[in-house]
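This report concerns a single protein chain. The sequence and the structure are shown first, and the discussion follows.

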Amino acid sequence: GIACGGCIARIESAVKRLPGVTEARLNFTNRRLHVAWSDGAIAPAQILQALESIGYHSHPFRPLRAEQEEAAEMRLLTRSLAVAAFAAMNVMLLSVAVWSGNATDITPETRDFFHWASALIALPAAAYAGRPFFKNAWRALRTASLNMDVPISLGVILALGMSVVETAHHAKDAYYDSAIMLLLFLLVGRTLDH
């Protein structure tokens with residue numbers, strides 16, 4: 001569940017507060033936490049419990065398990081990226097038609113049709129493609145903390161929600177394209193980072 005530098009600082013400080021811990025260093029790249037403690041001062045299970053209490057799942061390092069988890073995370077990110085890219089391309093096609101029509105002679109019925117078609121593509125795609133962000137945001141909120149994924153999730157959900165309301169009220173503008181493009185670009189970054 002590590003997503004940003006704030007996660008690193010939160011994890012390291014939580015572990016360093018445990019009695020007997022002399023060092024705690026988290027490597028963001030390989031997602032491994034190195035902890036040193038005084039002999040007999042603390043049980044390793046207490047470290048895992050401390051991490052769980054702040055919303056991060058952990059387990060002792062096992063090379064095969066780590067490889068399997070990394071591969072599963074990469075599959076999730078790749079599938080999410082593909083869905084977001086497909087949806088973004090299609091929603092942008094509809095949005096360009098609306099933008100150019102707003103400048104010329106599009107009828108309100110046609111604009112509403114394009115907005116509803118965009119909603120039909122963007123809403124399920126965002127629900128699927130946004131899972132890496134929504135999952136981490138929910139985990140952070142459950143432990144009464146914040147991470148980078150909370151404002152991302154809020155922004156996407158609010159943009160989509162506002163777009164549905166605007167579309168239902170026959171408004172001139174909707175923001176399905178912005179929400180799905182935001183997810184696409186963030187997923188590109190997260191996938192490359194992974």
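The sections below treat the nonpolar cores, one helix pair, the salt bridges and a residue of helix 2.

## Basis of the report

The structure is a predicted model. The values given below are accordingly computed from predicted positions.

## Nonpolar cores

The largest nonpolar core comprises 21 residues. Within this core, Leu160, Tyr176, Ile180, Leu183 and Leu187 have the most contacts. At least two of the core residues come from each of helix 3 (63-103), helix 4 (108-129), helix 6 (149-168) and helix 7 (176-193). The greatest contribution is that of helix 7, which supplies six residues. A second core, separate from the largest one, has 19 residues, including Ile11, Val21, Ile47 and Leu51.

Leu187 illustrates the packing in the largest core. When residues up to four places away in sequence are not counted, Leu187 touches Leu77, Ser80, Leu81 and Ala84, and also Ala129, Pro132 and Phe133.

## Packing of helix 5 against helix 6

Two packed helices are described by the angle between their axes and the distance between the axes. For helix 5 (residues 131-142) and helix 6, the axes come within 8 Å and cross at roughly 120 degrees. An angle of 65 to 115 degrees would count as roughly perpendicular, and one over 145 as roughly antiparallel; the two helices are therefore oblique to each other. The crossing of helix 5 past helix 6 is left-handed.

On the helix 5 side, the residues that meet helix 6 are Pro132, Phe133, Phe134, Asn136, Ala137, Ala140 and Leu141. Their counterparts in helix 6 are Asp149, Val150, Ile152, Ser153, Val156 and Ile157. Ser153, found in helix 6, touches Phe133, Phe134 and Ala137, leaving out residues up to four places away in sequence. Ser153 has a relative accessibility of 5%, and because buried means under 20%, Ser153 counts as buried.

## Salt bridges

Side chains of opposite charge can pair when their charged atoms come close. The count of salt bridges in this model comes to two. One joins the side chains of Arg25 and Glu12, at 3.7 Å from N to O. Arg25 lies in strand 1 (residues 21-27) and Glu12 in helix 1 (residues 5-16), so this pair ties together parts that are 13 residues apart in sequence. Arg25 is partly exposed, with a relative accessible area of 49%, whereas Glu12 is buried, with a relative accessible area of 10%.

Asp149 and Arg190 also form a salt bridge, with their closest N and O atoms 2.8 Å apart. This pair links distant parts of the chain, as Asp149 is in helix 6 and Arg190 is in helix 7, 41 residues apart. Both Asp149 and Arg190 are buried. Asp149 is also one of the helix 6 residues that meet helix 5.

## Leu48 in helix 2

Leu48 belongs to helix 2 (residues 44-53). Its relative accessible area is 29%; because buried means under 20% and exposed over 50%, Leu48 is partly exposed.

Apart from neighbours within four places in sequence, Leu48 is in contact with Ser58, His59 and Pro60. Leu48 and Pro60 are twelve residues apart in sequence, and their C-alpha atoms are 8.5 Å apart in space.

Methods:
Residues numbered from 1 in each chain as written. Predicted model: local features only at pLDDT ≥ 70, side-chain atom pairs only at ≥ 80, totals over all residues. Heavy atoms only, no water. Core = buried A, V, L, I, M, F, W, Y, C linked by side-chain atoms within 4.5 Å. Buried < 20%, exposed > 50% of the residue type's maximum accessible area, 1.4 Å probe, protein only. Helix = DSSP H or I, 4+ residues; strand = E, 2+ residues; numbered from the N terminus. Contact = heavy atoms within 4.5 Å. Salt bridge = Lys/Arg side-chain N within 4 Å of Asp/Glu carboxyl O. Axes fitted to C-alpha atoms, helices over the stretch in contact; angles between N-to-C directions. Parallel < 35°, antiparallel > 145°, perpendicular 65-115°, else oblique. Left-handed = near helix turned anticlockwise from the far one by under 90°.
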